[in-house]
Amino acid sequence: MNGPGDAHLEIRDLVVQRGGVTVLEIDSLDIPRGLVTVMIGPNGSGKSTLLGALQLVLHPSSGSLMLDGEPMDADPVGTRRRMAAAFQEPLLLSMSVQSNVELPLRLRGVDRRRRRELAEHWLERFGIGSLARRHARQLSGGEAQRVSLARAFASQPEVLLLDEPFAGVDAPTREGLLEDFAEIVSEARPTTVLVTHDRDEALRLGDHAALLIGGGLRQTGRPSEVFDRPADRDVAEFVGMENVWSGQRSESGMYRAAGVRLASTAKSVALGAPALICVRPERIVLMREAEGEGNLLRSVVRTVRPRGPIMRADLTSGRLTLTADVPVTAWDELGVSIGDEVTARISADDIHVIEDSD
Amino acid sequence: MDLIWDGIREAARLWWAGDGEIIEITLRTLAISSAATAIALLIGIPTGAVLALRRFWGRGLIVAAVNTGMGMPPVVIGLLVALILWRTGPLGDLNLIYTPTAMVVAQLLLSLPLVVGFSLASIQSVNPRLIGQMWAMGANRWQVLWLLVRETRLGLLAAVMAGFGAAISEVGASMQVGGNLAGETRVLTTATVLETGRGNFEVAIALSLVLVVLAFLVNLVLTAVQQRRPVT
């Protein structure tokens, strides 16, 4: 009991309604102790609603929420004092940085000296010790978010509830903050629920992932599993699986989509059964000439568009349309342009197959 | 013009001489209006907070009543309190009519809607997500109220100023329920009315100036607190 990884928070038969409409319905979900569970899903999928229910600020229509096997709503204030939260907005009060970080401890009746000690420790830990005396209104967005996270950690919570705390921070600041947060959370090891729609954040910080769509839980597992092995078409679309081809299994380990034969090591579906064949765009390697192992598809480049550090290319191989993400440097080395022929290499391990229930 | 200058000179003389009656009336005025304002704050701020944060049946009606109360003529309040406290009225047995307590009640009823209205407006302007964060930090109901008061202190100080201003400057209700009895219920406003009626303009001016200076000093202190840059 009470070891790392066991269920710290248990969600059972949870239904949350708004204006008579069900916005969240989860039969069963365990949040493992001491790990980071990333809650992912598109806008309106119920992620923040779930977090609100866990903070006991939203009242479920039915179901139970348990912390260490005890109902969370038996003593709401006591339960909240075992948790801490940080949101996309830093939500600091109109007082100094030090007072903001000390506030949760003050609300818990912690004596002044201990409050000061903890606040100073966590401000230092988040690299903002020098801002302690600054008024909260005089901080930049990134600084304010660091204060908000320091405040959350200072109360030494068993459970940390985070709703996109890195989303409102500009890119360079975000990078440093993510790095520090990853280090701190792996040391302090609170049970963490992190709502995010950022794949990079989910993969980097998450030990465990739960994916919500339309208010329902669609998939749980390791973040890499959820992103690489989606359970259905909706999940595949959400996790950025750009290549989802309708096809069928033609023989052992072989699939056929739009007239193209593809080998896959994915768990097999029944022979002849309709299947969705999925490949992440970054798993497709483009080459001038065919070389190496795997599925080698002669393709024609149709469109190319830059997307930050990558180039996204749409190609056709016969009747099959492919989307590939290629790092800008690799694209430059490849030296191809629209209309050119290339070989798209897809490893059999990178092809994920879902039984097509539609 | 002479009348005014004579009045100001007489006022200065009365102050300088430390006129006992003026000091007594001033202290009574301060005591009655401060008590009324303090009670209005104790009741008004939590009421404003509840109206700002909760949605319940009849809330709209209460808010409309508060808004009406903010502009209620003092004589109407005076009449109401007089009727209730009159010897044959519902609370006549308490023998409160023509006492400072009756004046506190009347001034309280005048300043309460102002305090509730101002508190409601300032607390309603707080980001609801910040209030959510207060709960998330583990605050109980009273701690949330304390944090809200702290967070909206500028607006709430405006409520204090409006409430105190309404109480100290009011005359009609104080006359009706206090009776302007010398040494008992006479305050600066009622004394000013009396002295004006008697043609004692220099005393009336002296009393008015005390009232103005008093109101100014109180508001000066409150403004200094309101405009101070918070450091903690």
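Two strands count as paired here if DSSP finds at least two bridges between them. With that in mind, let's walk through this predicted model, starting with chain A and its sheets and ending with the spaces where chains A and B come together.

## A first look at chain A

Chain A contains ten helices and 20 strands. Its C-alpha atoms fill a box of roughly 70 × 45 × 40 Å along the principal axes. Of the 358 residues in chain A, 50% are buried. Among the contacts in chain A with a separation of 6 or more, 67% are between residues 24 or more positions apart.

## The sheet that holds E15 to E19

One open sheet of chain A has five strands, in the order E15-E19-E16-E17-E18, and the pairing is antiparallel. At its edges you will find strand E15 (285–287) and strand E18 (320–327), each of which pairs on one side only. Neighbouring strands of this sheet are turned against each other by 45° on average, direction ignored.

If you would like a pair to look up in the structure, try strand E17 (residues 310–317) of chain A, which is joined to E18(A) by eight bridges, running antiparallel. Within this pair, Arg312(A) stands opposite Asp325(A).

## The sheet that holds E11 to E14 and E20

Another open sheet of five strands in chain A has the order E13-E12-E11-E14-E20, again with antiparallel pairing. Strand E13 (260–263) and strand E20 (352–355) of chain A each have a single partner strand, so one side of each is left without a neighbour in the sheet. In this sheet the average turn between neighbouring strands is 40°, direction ignored.

The edge strand E13(A) deserves a visit of its own. Its partner is strand E12 (residues 254–257) of chain A, and the two pair in the antiparallel sense over four bridges. Ala257(A) has Val260(A) as its bridge partner, while Arg256(A) stands opposite Arg261(A). The hairpin of E12(A) and E13(A) has two residues between the strands, and Ala258(A) takes a positive phi near 45° there.

What lies on the covered face of E13(A), and what on the uncovered one? Val260(A) and Leu262(A) make up the covered face, whereas Arg261(A) and Ala263(A) are on the uncovered one.

## Around strand E4

Towards the start of the chain, strand E4 (residues 62–67) of chain A is joined by five bridges to strand E1 (residues 7–18) of chain A, and the two run antiparallel. Here Glu10(A) has Met66(A) as its bridge partner.

E4(A) is also joined to strand E5 (residues 70–71) of chain A, by two bridges and again antiparallel. Leu67(A) stands opposite Glu70(A) in E5(A). The hairpin of E4(A) and E5(A) has two residues between the strands, and in it Asp68(A) takes a positive phi near 55°.

Here are the strand pairs side by side:

| Strand pair | Bridges | Residues opposite each other |
|---|---|---|
| E17(A) and E18(A) | eight bridges | Arg312(A) and Asp325(A) |
| E1(A) and E4(A) | five bridges | Glu10(A) and Met66(A) |
| E12(A) and E13(A) | four bridges | Ala257(A) and Val260(A) |
| E4(A) and E5(A) | two bridges | Leu67(A) and Glu70(A) |

## The largest pocket

The largest pocket has a volume of about 1,500 Å³. Which of its 46 lining residues are closest to the centre? They are Leu56(A), Val57(A), Ile131(B), Gly132(B) and Trp135(B). From chain A, helix H1 (47–54), E4 and helix H2 (76–80) each give two or more residues to the lining, and from chain B so do helix H2 (20–53), helix H5 (100–124), H6 and helix H7 (141–151). By class, the lining has 26 nonpolar, eleven polar and nine charged residues.

## The cavities

The model holds three cavities of 30 Å³ or more. The largest cavity has a volume of about 50 Å³. Residues from both chains line the largest cavity, among them Met83(A), Arg108(A), Arg151(A), Gln133(B) and Met137(B).

Which elements supply at least two residues of this lining? They are strand E6 (83–86) and helix H5 (141–154) of chain A, together with helix H6 (128–136) of chain B. E6(A) gives the largest share, three residues. By class, the lining of the largest cavity has seven nonpolar, two polar and two charged residues.

Technical notes. Residues are numbered from 1 along each chain as its sequence is written. Chains are lettered from A and ligands numbered from 1 in the order in which they are written. This is a predicted model: local features need pLDDT of at least 70, side-chain atom pairs count only at pLDDT 80 or more; totals for chains, interfaces and linings use all residues. Side-chain values use heavy atoms; hydrogens and water are left out. On a 1 Å grid over the protein atoms alone, a cavity is a set of points where a 1.4 Å probe fits but cannot get out, and a pocket is an open set with protein on both sides within 12 Å along at least five of seven lines; lining residues have an atom within 4 Å of a point. Grid points are joined across faces, edges and corners, and a volume is the space filled by probe spheres set on the points. Ala, Val, Leu, Ile, Met, Phe, Trp, Tyr, Cys and Pro count as nonpolar, Asp, Glu, Lys and Arg as charged, and the others, Gly among them, as polar. Axes are lines fitted to C-alpha atoms, for helices over the stretch in contact, and angles run from 0 to 180 degrees between N-to-C directions. Buried means under 20% relative accessible area, exposed over 50%, partly exposed in between (1.4 Å probe, protein chains only). Contact means heavy atoms within 4.5 Å.
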